[in-house]
Amino acid sequence: MTADTPSPALPPYMHRRGLMLVLSSPSGAGKTTIARRLLEQDDELTMSVSATTRAKRPGEVAGVDYHFTSLTEFDLMVNQGKLLEYAKVFDNYYGTPREPVEQALAGGRDVLFDIDWQGTQQLKEKARDDLVSIFILPPSARELERRLTSRAQDSQAEIAKRMSKASNEMSHWAEYDYVIINNDVDSSVAKAHAILTAERLVRRRQVGLSEFVKGLQAGV
Ligand SMILES: Nc1nc2c(ncn2[C@@H]2O[C@H](COP(=O)(O)OP(=O)(O)O)[C@@H](O)[C@H]2O)c(=O)[nH]1
Ligand SMILES: Nc1ncnc2c1ncn2[C@@H]1O[C@H](COP(=O)(O)OP(=O)(O)O)[C@@H](O)[C@H]1O
């Protein structure tokens with residue numbers, strides 16, 4: 001085939017089973033930054049927008065960054081089974097609405113989650129085969145504190161609380177499939193995207209391969 005001959009379309013029975021890509025890290029290590037960049041670069045990736053009882057930060061948009069709810073509304077979602085997982089983090093509740101995730105996966109799209117280790121464990125119990133998890137570490141403790149402070153969105157007391165919980169959060173690093181030390185943002189985004197690209201090619205995620213290969217064999 002010459003360079004300007006269009007490649008033939010793949011048969012319609014071939015499609016990809018969507019995967020769930022989880023990013024976790026101690027607060028301030030950079031998962032929101034990496035998640036935003038991945039979403040900009042990749043049309044097949046959808047963000048799971050969590051529900052939370054925490055107060056909205058300056059600049060955050062309701063329905064985009066989080067669904068901000070009261071404790072009563074959150075309880076109702078839990079009792080009605082509307083959350084795929086939920087956990088208490090830093091004295092607030094956070095949870096993943098079930099329906100958008102199920103819809104995206106059914107449509108062959110991949111879903112990106114910014115959730116903590118507790119949520120990751122719950123998703124792993126429910127959907128191990130569809131889950132790919134990445135733990136993001138800061139390059140140093142000092143840099144973590146600098147990032148939390150320079151983000152300038154939390155009070156000093158809130159930052160101190162996040163630093164004191166960082167050690168516990170980081171103790172879960174070995175439960176993840178991949179680890180990225182987030183030194184340079186561009187390089188970390190490229191690494192996360194490489195993981196996504198490779199995981200999409202995992203054999204069981206490519207539905208219809210057997211028929212495809214049979215067709216190839218029949219044609220040679
Ligand atoms: N289990 C769970 N954790 C979540 C969810 N949404 C956010 N989190 C986690 O809650 C923690 C606090 O998030 P946030 O208040 O946005 O603070 P930040 O991580 O400092 O930006 C982070 O570890 C998030 O990954 C969720 O739906 N479920
Ligand atoms: N590799 C990096 N180098 C320098 N600053 C970074 C890097 N990654 C993220 N940041 C900055 O650190 C702060 C915390 O990042 P953020 O993505 O909000 O972390 P998280 O979502 O893990 O709490 C933000 O101000 C962000 O711009």
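**View 1. Gly30 and the residues it touches.** Leaving aside residues up to four places away in sequence, Gly30 touches Ser25, Ile136, Asn182, Val185 and Ser188. Keep in mind that this is a predicted model. To find Gly30, look in the loop between E2 and H1. Gly30 has 24 C-beta neighbours inside 10 Å, so it counts as buried; the cut-off for that is 20 or more.

**View 2. Pro26, in the loop between strand E2 (20-24) and H1.** How many C-beta neighbours does Pro26 have inside 10 Å? There are 26 of them, which means Pro26 counts as buried. Once residues up to four places away in sequence are set aside, Pro26 touches Pro138, Leu144, Ala166, Glu169 and Met170.

**View 3. The shell around ligand 2.** Which residues come nearest to ligand 2? Of the 15 residues around this ligand, the answer is Gly30, Thr32, Thr33, Arg147 and Arg151. Two helices to pick out here are H1 (31-41) and H5 (141-151), as each supplies at least two residues of the shell. Sorted by character, the shell around ligand 2 has nine polar residues, four charged and two nonpolar.

**View 4. The stretch that UniProt labels "binding site".** In the UniProt record, an unreviewed entry, this feature sits at Ser25, Pro26, Ser27, Gly28, Ala29, Gly30, Lys31 and Thr32. Pro26 and Gly30 from the earlier views are both on that list. Gly30 and Thr32 also turn up among the residues that come nearest to ligand 2.

Methods. Residues are numbered from 1 along each chain as its sequence is written. Chains are lettered from A and ligands numbered from 1 in the order in which they are written. This is a predicted model: local features need pLDDT of at least 70, side-chain atom pairs count only at pLDDT 80 or more; totals for chains, interfaces and linings use all residues. A residue is near a molecule or strand if its C-beta atom, placed from the backbone, lies within 6 Å of it. Helices (H or I, at least four residues) and strands (E, at least two) are DSSP runs, numbered from the N terminus. Ala, Val, Leu, Ile, Met, Phe, Trp, Tyr, Cys and Pro count as nonpolar, Asp, Glu, Lys and Arg as charged, and the others, Gly among them, as polar. UniProt positions are given in the numbering used here, feature names are shortened, and annotations may be inferred rather than shown by experiment. A residue is buried if 20 or more other C-beta atoms lie within 10 Å of its own, exposed if 12 or fewer, and partly exposed in between; C-beta atoms are placed from the backbone. Two residues are in contact if their C-beta atoms, placed from the backbone, lie within 7 Å.
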